[in-house]
Amino acid sequence: MSSRFVRRTAPGSAGRFAGLGALILLCWTPFAGFAQQPADSVLSDTLVYEIDPVVVTATRTARPVSQIPQPVSLINRARIQEKVANTVSDLFRDLPGVDVNGVGANQARPIIRGQRGQRILLLQDGIRLNNSRRQQDFGELPALVDVAGVERVEVVRGPSSVLYGTDAIGGVLNIVTPSRVADGIHGSLGYRFGTAGDQKKYTARFSGGFGRFDLIGGATYRDANPFSAPEGSFGNITLANDVRVQDSGVQDESFDLRLGYRFSDDHRVFVKGERYAADEAGFGWVDPEEFNPGGARTQILYPRQRFNKLTFGYGGQELGTALADRLDFTGYVQSNERTFGFDLFTSFGPMGPPGAGIAIETVNYTDLDTYGFRLEAKKLAAQGVLLTYGVDLFRDDAVNADTATTTLLGFGPPQEETSTSPTLPDATYRSIGAFLQGELELGGRATLILGGRVQDIKAESRSTSGLEDLEPDTKDDRSVVGAANLVFDVTDDLSLITSVGRAFRAPNLIEWLFEGPTPEGNGFQVRNPDLRAETSVNYDVGARFVNDRVFLEGFYFRNTVNDGIRIEKVEGLTVGELDAYRNVNVDELLFQGVELAGDVFLPQGFSVGGNHTWMDTENKSSSNRPIGESFSSKVTGRLRYREPGGRFWAEYAVRRNGDRKDDFLLQEPGEEPPPVGEILPGFTTMDLRGGVTLFRTRNGQTARLTAAVTNLTNELYAEFSNASFFRPEPRRALTVSLDWSF
């Protein structure tokens, strides 16, 4: 296979890319991610690093970041350790175009360019973690993969349906774990303590190369209590004292073990087992009596979650056959068991007796079994023409049980009504797709990437106890999508990038079949079996400038989603005391914006960097119901110092999110805005981080201490997607991590 497709380097640019490695490693906060500092290196004013190729999610080929034809953020292992993150989602708050939904130790999920939940495809090692049973707005948990065992994280900002199929309409997040190790036995032990929720976390990782065998594994245990938010004001909300954010803690543990065998340098097989278990994890809530007396109280809790996964695969390279030079197959079987608790209390207020209201308690039990595979081949069809093609399949099988109790309070003895009808019938969801992508080198300075996919999705409901009146049904969806990407090197340092593509997302089981109280507790969702798939057309136009001291990047994007799925009120219909809502297709949802990022490496170990994002979202079908699920502007900045000998480092970071209009800016008659007000208020947060190498021995043992002070000014704020259903972030907190590796 031509090395140009592995690492495209212009003549005379080896030193330039070596300098880029130093720049990315030491001062590129939003995009850090290629190589860790050699333990015995001596740093000078002109740093030199070797950059290993990285398999980039955007193209499925190994490319240096300057040659990636889409906006991509990369975060390497060193940066993950420096951030002392709860999950990989906590790494995204200072990335351009990326936001975070959810609070707590394990519930944070990414938002990319204003799109979240099932519009973001979550991958582990290129294999999907999304499932069709998750709510549209929530998506699967990145916490299923222990952050202590993550090698790097790749975030593609923009659609990638050609390579990955449904759900990749807004962006892709790929969590990459180690697959190869050096000979001998290696490992690490870690302990972390955080004052936010008095969190304690214990980690052990090990790896070993034994001839033809590779062994990689680890285990983590964490115990985190609910954290406290600081006193202060946020919009119309004022907290007189620090308050507990209930259900923001978790007790969880994870385990993984990977065994690989090498038949030869060109043929490998592996098998990997993983388990994640979490108890008492929730979405977080503050007692409304603290900021909105008489307001509705909503509690969303996962008392129990168990996730088990078995993955196996084969990788072959230098095959030299007529069909493939490289072939990769990965199969997987997983189970996801969850208990979901929903507790809503709505007061009648001054119109009723003291304490009068309606309490709804719902418990949902879900068993979701999934199997699937991905078969991918690469072939150098001609000089400068690389083909990537393959087929992928997954099948979800969901079994559900529910218990819902509605209680009327305040009018004599409590009046209870209990239902055991499931909110979702037992159902399966199957997807199979085939894709083809070609990479063409044009004249030595340009690369054109063209691709297409055909995908077929079939969902089937079954006869379900408690839903005898609901007839089994079948829903089919077939989609064809394509994309074109171009990178043109104007000079050795400056590249122009443009991409255009069509993406899609088929309705999942929740959107198609769910009927019950909405997770936020503000309504009752009814079924809509006539939903159509979302489709989109996305444009990206941008430029990158890279030399040994400067990295600059700017992109304009425009993503138009047709037949977008939105939940809307059903006029004149109530279920119990709740207004009825249902998912509908709307003509057009528009997401557009500008992302700017830059970093400069200064002498004597200093660096500065930051980014700016401006974003606008619009529901073209209803201008008085804006989308409003993420920030409209974000500015980040960072000043960093790393001691030239590599013994310690320090970093100061600041982030400013500007005001944003919420969905409730223009209310329908009689509709009340959320307690925070009609405007989601802006906020500024600051963090201070640092680390020191305590010792390093000649036989490779190293001990490091890392500390972070987050929310330095102790400001009361909530990420925008958490503001209406008020879930604030922790007060000023100290996190300390001690790691020993050998």
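The exercises below concern backbone angles, one arginine and one sheet in a predicted model.

Residues are numbered from 1 along each chain as its sequence is written, and side-chain values use heavy atoms, with hydrogens and water left out. As the model is predicted, local features need pLDDT of at least 70 and side-chain atom pairs count only at pLDDT 80 or more, while totals for chains, interfaces and linings use all residues.

**Exercise 1.** Locate glutamate 280 and asparagine 711, and state the phi and the burial of each.

Solution.
- Step 1: glutamate 280 is not a glycine, yet its phi is positive, about 55°. Asparagine 711, also a residue other than glycine, has a positive phi near 50°.
- Step 2: glutamate 280 belongs to strand β18 (residues 267-282). Asparagine 711 lies in the loop between β39 (702-710) and β40 (733-741). Strands are DSSP runs of E with at least two residues, numbered from the N terminus.
- Step 3: buried means under 20% relative accessible area, exposed over 50%, and partly exposed in between (1.4 Å probe, protein chains only). Glutamate 280, at 44%, is therefore partly exposed; asparagine 711, at 3%, is buried.

**Exercise 2.** Describe the surroundings of arginine 113.

Solution.
- Step 1: arginine 113 sits in the loop between β5 (109-112) and β6 (120-124).
- Step 2: its relative accessibility is 2%, so arginine 113 counts as buried.
- Step 3: contact means heavy atoms within 4.5 Å. With neighbours within four places in sequence left aside, the contacts of arginine 113 include Pro71, Gly97, Arg157, Asn538, Asp540, Phe557 and Glu595.
- Step 4: the side chains of arginine 113 and aspartate 540 are joined by a polar contact of 3.0 Å. Such a contact is a pair of N or O atoms within 3.5 Å; within protein, one must be able to donate a hydrogen and the other to accept it, and residues adjacent in sequence count only if both atoms are side-chain atoms.

**Exercise 3.** Work out the strand order of the sheet that contains β3, and its edges.

Solution.
- Step 1: the open sheet has 5 strands in the order β3-β8-β9-β6-β7, with mixed pairing. Its edge strands are β3 (72-76) and β7 (127-128), each pairing on one side only. Two strands pair if DSSP finds at least two bridges between them.
- Step 2: at one edge, β3 runs antiparallel to β8 (residues 152-157) over 5 bridges, and isoleucine 75 has valine 153 in β8 as its bridge partner.
- Step 3: at the other edge, β6 and β7 pair in the antiparallel sense over 2 bridges; leucine 123 stands opposite arginine 128 in β7.
- Step 4: Val72, Leu74 and Asn76 point one way from β3, Ser73 and Ile75 the other way. Because 5 of the 5 residues of β3 are buried, this strand is largely enclosed by the rest of the structure.

Methods: Helices (H or I, at least four residues) and strands (E, at least two) are DSSP runs, numbered from the N terminus.
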